[in-house]
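Please open the structure in a viewer and keep the sequence at hand. The tour below proceeds by selection, one stop after another.

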Amino acid sequence: MLAGRDPERAAIAALLDAARSGSGGALVVRGVAGVGKSTLLVDALTTAADLRVLRTSGVESESPLAFAALQRLLWPLRTRIDSLPAPQASALRAAMGEAEGEGDRFRAFLGTLSLLADAAEQTPLLVVVDDAHWLDEASAAALLFAARRLQAERVALLFAARDGDARRFDADDLPTVVLGGVTGTDADALLSARAGTDIDPAVREQLVTGAGGNPLALVELAGVLTADQLTGRAPLPSPLPLTGGVERAFLHRYRSLDEPAQRFLLVAATDDTARLTVVRDAAERLDAADTALDAAERSGLLRVDGDTVTLYHPLVRSAVYRAATSAQRRAVHRVLADVLTGDPERRAWHLAAAADRPDEDVVAALDGVAERAAARGGHEAAAAARARAAELTVGGEARGRRLYLAASSAWLGAHPSRASALARAAAADVTDPLLRSQLLALQGQIEWNTRSLNDGYDLVLQAAELAADVDPAPAAQLAMLAASLAAFGARSPRTVNPTALVAEPAPDAPTRVRAAWALLQGFGAVARCDWGTAAESFRCAFVLTDADPVDDHVLQPNLGIAAMLIDDDERGLRLHEQQLTAARRAGALNMVEHALTRGAHFQIATGAWSKAAAAAAEALPLTVGTGHPGLSALPTAQLALVAALRGDDAADRHLDRVAEIRDKHPVGITDGLVADLAHWARGLRSAAQPATALHHLMQIEGPVWRRLAALDLFDAAVRGDHQDLARTWLAELEQFAAGTELPAATAVVEHGRALLDDEGDAETHFRRALAAHTDSPRLRDRAATHLAFGEHLRRARRRVDARDHLRTALALFEDLGATPWAERATQELRASGETARRRDETTATELTRQERQVAALVRQGLSNRDVAAQLFVSPRTVDFHLRNCYAKLGVSSRAELTALRLDL
């Protein structure tokens, strides 16, 4: 029974009411074992008669089986799967074990969300997940993916998860209620209901204290104490029967049974099918027949309903299993494997649990489990199967290969710590040069993404050196990757030059090979600050891939990095838009995040700040569930910078969050970039105090961001009378501009020369800067030059000449939404004798981030379902945002929306 819990019941009621009204959401109920989580879920079901209910639960022994819990949950909806977009349907059927798959887990996750949303169209849906801490990791990831994206769907997800267990349900970002112990009248109600008599208040208080208010413990106490003890007529035993906890009480009941009944219970506790036929067949092989089943049922520790076997409480399973000896456990696993001949996954895991020495047959079975799990997108299960197979493999190359594959699967499953540990274990056995090179490359990837850029670079250098001796193809890719890291500032104690590891390819070599060579040379030149060679090499790679586009998951991102390193904004925007489109179509969530955050760099540079903020805001939730919390630092820093550029006070909140993330989590390769963004944002926030602004801006280390922030530094340095610092930056920019011959770089150099001029040539430099700006997409820089030129002319008492430039600056800053700079231009116009008129803002600025994204994709001609697939939401959410766009923009159709002139 449920006693009390009014606040928690109210929270659940609010969740269900929201789902009924078309606002989906999730709630996690947490608490220690026996505190009443499952009882609260049952109570929720009694209030959900008008909702369709789907239920599943985590099972400890089932946790290695990929998507096992999700399969049970979605089984009643399986006939609806064909109505999903084909890629989602295929991935979800593979995840549920109904078809062959290609390991596309994120499409399966999106298919889960779409299927739940579709099922809720007719009737609101309540999804109840008990014992979420024991969910297999693939099911947990899929359900959390859906929970974090519920918006306009009539779906409520209700989880219950145990605190204080070895496994934890990692959902701290979801709304949560925590159940504590019960006291007073609530405790009295539980005790009285179980005992069938009134409880003496003093006795009740003693029991509550002794049980910590745990409802299950109180119910168990009421069942073992006498009526006289409960009514206060006889003293309570000391210590109370639950001194060892509820699990100890279950164990006492278990040990009071005869041996056959104990064996039957042990089989039931070890089994994860919950099927009576399976448990009975296995138990019979251990001489535990129907009489043993009867005794187990009479004990109250086990219930049978039709062909379903249920243990009284999850603690019964753990108490019984842990009480058995290792030999007893192995025997039970062995007989379960014998009866599960039609279930290769469960059979393999039972065989593995029964094995206590290397066994090639068991290893082969686990290899099969791993291959099937990986094909379904269950990378966590694949990693577990390969790791166990390695344990049962006699040491040597075969063991090392399995550990390497386990590490790769763990990395793909977003478990970097586990992947790192498995890779270290593999290193002891891997001797084959090519495999060792692959292992080092994996270790490097884990290292530079999660911990140290320099250490990751060193590992990739080692991988490239090894590969160069055996296979030039992977060696070329690894050398390019190492050079790319070096171009970002990575350093190694080794004196190896990545560009010297591979030979130049023949003129008739494939485009991909020649483009990789050109990128390698370009990255090497960047590391030497040889900007002319870098630009020439990168442009060669661009020409090659323009003429013959290549689909290469290593080459494509590095083309984008090359564009970033030489400030080729138009190329960078185009490349990352192509990458984003391809990643969305493929449902590759990690590549969507990568394309969004790297593309945001070019959007910030060119003044497309609304797009940059939308990209960063979309990327932020995608970083959740990657197993690497530090990834959220980059999009958060980008949001901080855009807010600072606009003069929005939200910048300070974002900056605080960036500092918190960097303090708590390793950020990896983007840490330097994140730090530079934060320094620039703080410099912008301190623009009114030149000395403070200069302090922050001078800490920017990356050349890319030093160039982007140069005009802010020049401004602060000149106003703060630190021309020497400005000249240092100017010299660096002059070298870059001379090598790349980019108009944007030339414009900034001439702007800097104008500010620092002491020979009367400032106007000439300003005019050269403006001439270069006409061929540059960097609108903020152009506006800043017009402003600085206007200020210069006004100070020279040429007010009429100044006004043209100040008006242009004001218009550009208003278009950008750069409020502090627009205000400065307005003040300068007033000082020149002209009053600036405030322009009306477009209604498009009122659209939310998701409304902008939906509108932009709809304007491309995509259907709601296609938009939903690309944004990782449901079609109902797209429809909700699209209707809001219509209302805000005053249109009533997709055609009218497309016809509007909007900057989205």
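The following stops cover a sheet, a group of aromatic rings, a pair of helices and two backbone positions.

The model shown here is predicted.

**First stop: the sheet**

Select strand 2 (52-57) and strand 5 (176-178), the edge strands of an open sheet, each of which pairs on one side only. The sheet has five strands in the order 2-3-4-1-5, and the pairing is parallel. On average, neighbouring strands are turned by 15° against each other, with direction ignored.

Next, add strand 1 (residues 25-31), which pairs with strand 5 in the parallel sense over three bridges. Which residue of strand 5 stands opposite valine 29? The residue to display is valine 177.

Then select helix 6 (residues 137-147). Helix 6 lies across strand 1, strand 3 (125-130) and strand 4 (155-162). Relative to strand 4, helix 6 runs at about 135°.

**Second stop: the aromatic cluster**

Display the side chains of Phe106, Phe109, Phe145 and Phe872, which form one aromatic cluster. The count of aromatic pairs in the model comes to ten. One of the pairs joins phenylalanine 106 and phenylalanine 109: the ring centres are 5.4 Å apart and the planes stand at 90°, so the pair is edge-to-face. Both residues belong to helix 5 (residues 105-119), and because they are three residues apart, they are separated by about one helical turn. Is each of these two rings buried or partly exposed? Phenylalanine 106 counts as partly exposed, at 21% relative accessibility, and phenylalanine 109 counts as buried, at 2%.

Now turn to phenylalanine 145 and phenylalanine 872. The centres of these rings lie 6.2 Å apart with planes at 85°, so this pair is also edge-to-face. The pair links distant parts of the chain, for the two residues are 727 residues apart. Phenylalanine 145 is in helix 6, the helix selected at the previous stop, whereas phenylalanine 872 is in the loop between helix 44 (864-871) and helix 45. Phenylalanine 145 counts as buried at 5% relative accessibility, and phenylalanine 872 is buried with a relative accessible area of 1%.

**Third stop: two crossing helices**

From that loop, proceed to helix 45 (residues 875-889) and select helix 43 (residues 849-858) with it. The axes of the two helices come within 9 Å and cross at roughly 90°, so helix 43 is roughly perpendicular to helix 45.

Which residues meet here? Helix 43 contributes Gln850, Glu851, Val854, Ala855 and Val858. In helix 45, the residues to display are Thr877, Val878, His881, Leu882, Asn884, Cys885 and Lys888. Coloured by character, the residues of this contact divide into six nonpolar, four polar and two charged.

**Fourth stop: two positive phi angles**

Finally, select arginine 5, in the segment before helix 1 (6-20). Phi of arginine 5 is near 65°, a positive value in a residue other than glycine. With a relative accessibility of 10%, arginine 5 counts as buried.

The last selection is cysteine 529, in the loop between helix 25 (511-527) and helix 26 (531-547). Cysteine 529 is not a glycine, yet its phi is positive, at about 60°. Cysteine 529 counts as partly exposed, with 39% relative accessibility.

Methods:
Residues numbered from 1 in each chain as written. Predicted model: local features only at pLDDT ≥ 70, side-chain atom pairs only at ≥ 80, totals over all residues. Heavy atoms only, no water. Helix = DSSP H or I, 4+ residues; strand = E, 2+ residues; numbered from the N terminus. Buried < 20%, exposed > 50% of the residue type's maximum accessible area, 1.4 Å probe, protein only. Axes fitted to C-alpha atoms, helices over the stretch in contact; angles between N-to-C directions. Parallel < 35°, antiparallel > 145°, perpendicular 65-115°, else oblique. Contact = heavy atoms within 4.5 Å. Nonpolar A, V, L, I, M, F, W, Y, C, P; charged D, E, K, R; others polar. Pairing = 2+ DSSP bridges. Phe/Tyr/Trp six-rings, centres within 6.5 Å; stacked < 30°, edge-to-face > 60°.
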